[in-house]
Amino acid sequence: MRWFWFVAAACMAQEAQPTVVNPGGEGKAPSDAIVLFDGSNVDEWVHKDKRPAEWTVSDGVLVCKSGTGDILTKRAFGSAQIHLEFSTPSMPEAKGQAKGNSGVYLQGRYEVQVLDSFENPTYANGSAAAVYGQHPPLVNASRPPGQWQSYDFVFRAPRCDAEGKLRRPATLTLFHNGVLVQDHVSITKNTPGSEETSPCEPGPLLLQDHFHPEVKDTLLRFRNIWVRPLR
Ligand code: MG
């Protein structure tokens with residue numbers, strides 16, 4: 001058997017070792033992540049017209065200032081692992097889509113719904129963790145309003161050929177509060193109202209201000225947002 005150990009040792013010597021990453025933890029991004037919000041400022045974000053983000057930072061939390069508009073990252077991303085945490089406000093009077101509505105647009109094009117879906121039925125492909133209008137979540141893993149919740153995305157951007165022709169649509173795997181809710185689904189079209197960008201180009205991460213005039217300040221909160229671009 002000595003020859004076996006010799007061959008195994010030779011193979012191990014040739015194989016590149018994985019890059020070491022400090023995985024971070026509660027409130028801390030992995031060491032190789034691009035941090036988009038760490039609780040201190042909104043420097044990574046702008047509005048669609050490029051003016052500085054008017055959403056506020058309070059006690060280390062990013063608060064959606066209703067009526068100011070969506071915010072998007074200055075950086076563009078293609079395929080990526082993305083993490084963010086959110087908390088929907090208590091809105092006992094509101095129902096359905098009017099209750100804690102926001103969204104996370106991947107590549108600026110594909111909305112993953114943010115909504116208070118705790119005991120708040122609405123159409124399935126518009127509930128929390130749905131790819132809006134296309135894929136309802138496998139289960140409803142929502143926590144009650146006021147509690148912190150997490151989304152962990154594995155997003156694969158569409159693949160295009162050299163002529164700019166779409167060869168493979170985007171795919172998404174998503175965990176909501178650690179529970180698998182989207183299992184490698186194909187996203188075949190962009191969400192109505194999204195950025196008019198090419199599916200073949202990287203795009204920003206966008207957070208939706210789903211302004212309801214009848215509900216003045218929705219006070220949706222976000223924290224701990226980071227991205228790890230994938231090859
Ligand atoms: Mg929305």
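Ala129 is buried, with a relative accessible area of 1%; buried means under 20% relative accessible area, exposed over 50% and partly exposed in between, using a 1.4 Å probe and protein chains only. The model is predicted, so local features need pLDDT of at least 70 and side-chain atom pairs pLDDT 80 or more, while totals for chains, interfaces and linings use all residues. Numbering runs from 1 along each chain as its sequence is written, and side-chain values use heavy atoms, without hydrogens or water.

**Exercise 1. Positive phi outside glycine**

Task: State the phi of Ala129 and of Asp59, place each residue in its loop, and decide whether Asp59 is buried or exposed.

Solution.
1. Ala129 is not a glycine, yet its phi is positive, at about 75°.
2. The loop that holds Ala129 runs between β8 and β9 (149-156); strands are DSSP runs of E with at least two residues, numbered from the N terminus.
3. Asp59, also not a glycine, has a positive phi of about 50°.
4. Asp59 sits in the loop between β3 (56-58) and β4.
5. With 78% relative accessibility, Asp59 counts as exposed, whereas Ala129 is buried at 1%.

**Exercise 2. The magnesium site**

Task: Which residues coordinate the magnesium ion, what spacing do the donors follow along the chain, and where in the fold do Glu111 and Gln208 lie?

Solution.
1. Donors are N, O and S atoms within 2.8 Å of the metal (3.2 Å for Na, K and Ca); water is not among the atoms, so a site may look incomplete.
2. Under this rule the magnesium ion is coordinated by OD1 of Asn101, O of Ser102, OE of Glu111, OE1 of Gln113 and OE1 of Gln208, at 2.2 to 2.3 Å.
3. Along the chain the donors of the magnesium ion read N-S-x8-E-x1-Q-x94-Q.
4. Glu111 belongs to strand β8 (residues 110-114), and Gln208 to the loop between β14 (206-207) and β15 (221-229), so the pair ties together parts that are 97 residues apart in sequence.
5. Glu111 is buried, with a relative accessible area of 4%.
6. Gln208 also counts as buried, at 9% relative accessibility.

**Exercise 3. The five-stranded sheet**

Task: In what order do the five strands of the open sheet stand, and why do β2 and β8 each have one side without a neighbour in the sheet?

Solution.
1. Two strands pair if DSSP finds at least two bridges between them.
2. The order in the open sheet is β2-β5-β14-β7-β8, with antiparallel pairing.
3. β2 (45-47) and β8 are the edge strands, each with a single partner strand, so one side of each is left without a neighbour in the sheet.
4. The antiparallel strands β7 (residues 102-106) and β8 are joined by five bridges.
5. Within this pair, Gly103 has Gln113 in β8 as its bridge partner.
6. This links the sheet to Exercise 2, where Gln113 coordinates the magnesium ion through OE1.

**Exercise 4. Strand β12 and its partners**

Task: How many of the residues of β12 are buried, and how many bridges join β12 to β9 and to β13?

Solution.
1. Strand β12 spans residues 170-176 and is mostly covered, with six of its seven residues buried.
2. β12 pairs with β9 in the antiparallel sense over six bridges.
3. In this pairing, Leu172 of β12 stands opposite Phe155.
4. β12 also pairs with β13 (residues 179-187), again antiparallel and over six bridges.
5. Here Leu174 stands opposite Gln182 in β13.
6. The hairpin of β12 and β13 has two residues between the strands, and Asn177 takes a positive phi near 55° in it.

**Exercise 5. Surroundings of Thr68**

Task: Where does Thr68 lie, is Thr68 buried or exposed, and which residues is Thr68 in contact with, leaving aside its neighbours within four places in sequence?

Solution.
1. Thr68 is placed in the loop between β4 (61-63) and β5 (71-73).
2. Its relative accessibility is 12%, so Thr68 counts as buried.
3. Contact means heavy atoms within 4.5 Å.
4. With neighbours within four places in sequence left aside, the contacts of Thr68 are His47, Arg51, Glu54, Trp55 and Asp209.

Technical notes:
Helices (H or I, at least four residues) and strands (E, at least two) are DSSP runs, numbered from the N terminus.
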